[in-house]
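Please work through the exercises below with the sequence and the structure side by side, trying each task before reading its solution.

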Amino acid sequence: MAKLTAALTVLALVACVGRPCQAGYGPPPPAPVTPSTPTPYSPSTASPPPPTPIALSSPPPPPPTPSSPASGLAVGYYQKTCYRAEDIVREAVRDASKGIMAGLIRLFFHDCFVRGCDASVLLDTADPNSATEKFGIPNLSLRGFEVIDAAKARIEKECGNVVSCADIVAFAGRDATYFLSNKKVYFDMPAGRYDGLVSLINETLPNLPPPFATVEQLKAGFAFKGLNTDEMVTLSGAHTIGISHCSSFSDRLTSNSSDMDPSLKSTLQEQCQSNSGTDNTVVQDNKTPDKLDNKYYKNVLSHEVLFTSDAALMMATDTSDAVRANAKDTNLWEEKFKAAMVKMGAIDIKTVANGEIRRSCRILNTN
């Protein structure tokens, strides 16, 4: 029970990156939308060279134990088998909109925090007795599937079935970071992940909680995934991009106990007002909404953040110190963000013993 409680707190900070936050609180979610069929991809210019508690119908199984960052991953893993793999993914990401880029970072988070970084979030079908993660309430608003499909199709054409969908998701999250930071934040992403064989809808809610977690819950949840407190605060910086449903923070607009900046609260009350009952969306960072930077931490300090889980970072000495350090030194945060993304990308990876290299990211090879 302790582990399940910890798992329920993990993703308050990443559940809303790049697309409206929709985790089972507020209005009923829309019906699942099948991602569009991938369109043929044509590269243009060359890629840039890299700089050096919701009730469930039945209790879900316990989340997998995080793996060691060493996990058999390696930089340049496809150099001999598909040397242009990373270039192909980067080109596909480059041609996407900024909103989709933000969605790709969120997709990477959601993949890694449920059953590890194994592309289980991409599957349309897997177990005949269960819908897949993709159709879990928190994942209905995920975006970027068409970019993954396009990159996979191009790689299959050039190299055959050698590059996993899990690695494509990891590369895409890295490359979206690069482009959204105005090509400032780049890092090597180790590869060698295999694609998972299991994807269950009832594993999404226990791993993707609503955004009102306390700081202690966030610490415990990230520790359960093998990430420390500073890495939790560092990855929270992804809330500098993307949008969210008003229902995700509506309690902070009406509560007298909310410490939200009065001017921001007034603006959000106006933006969230709906005579038709529509759950409106707003940007998460009203200063630089399409740029991955350290503005998020400055917003935390000035009480200009949306979620309780964002404001909670000021409720403990270690997390508030980290917020101030990241707000003061953008280079410090960027370096820590790179390292945290790589470390997160090693959570419970699959190998040839318990995975496969899918031919299509949406279905298992056995289907």
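The exercises that follow deal with nonpolar cores and with backbone angles in loops.

This is a predicted model, in which local features need pLDDT of at least 70 and side-chain atom pairs count only at pLDDT 80 or more, while totals for chains, interfaces and linings use all residues. Residues are numbered from 1 along each chain as its sequence is written, and side-chain values use heavy atoms, with hydrogens and water left out.

**Exercise 1.** Find which residues touch the most other members of the largest nonpolar core.

*Solution.* Begin with the term: a nonpolar core is a set of buried Ala, Val, Leu, Ile, Met, Phe, Trp, Tyr and Cys residues joined through side-chain atoms within 4.5 Å, where buried means under 20% relative accessible area, exposed over 50% and partly exposed in between (1.4 Å probe, protein chains only). The largest such core has 71 residues, and those touching the most other members are V93, L104, F108, L122, I148, L235 and M344. Its largest share, 11 residues, is supplied by helix α5 (residues 165-180), helices being DSSP runs of H or I with at least four residues, numbered from the N terminus. Finally, a second, separate core has 10 residues, including C246 and F249.

**Exercise 2.** Decide whether R115 and N182, each with a positive phi although not a glycine, are buried or exposed.

*Solution.* First, R115, with a phi of about 70°, lies in the loop between α3 (98-113) and α4 (145-159); its relative accessibility is 19%, so R115 counts as buried. Next, N182, with a phi of about 55°, is found in the loop between α5 and α6 (215-224); its relative accessibility is 55%, and therefore N182 counts as exposed.

Note on methods: Helices (H or I, at least four residues) and strands (E, at least two) are DSSP runs, numbered from the N terminus.
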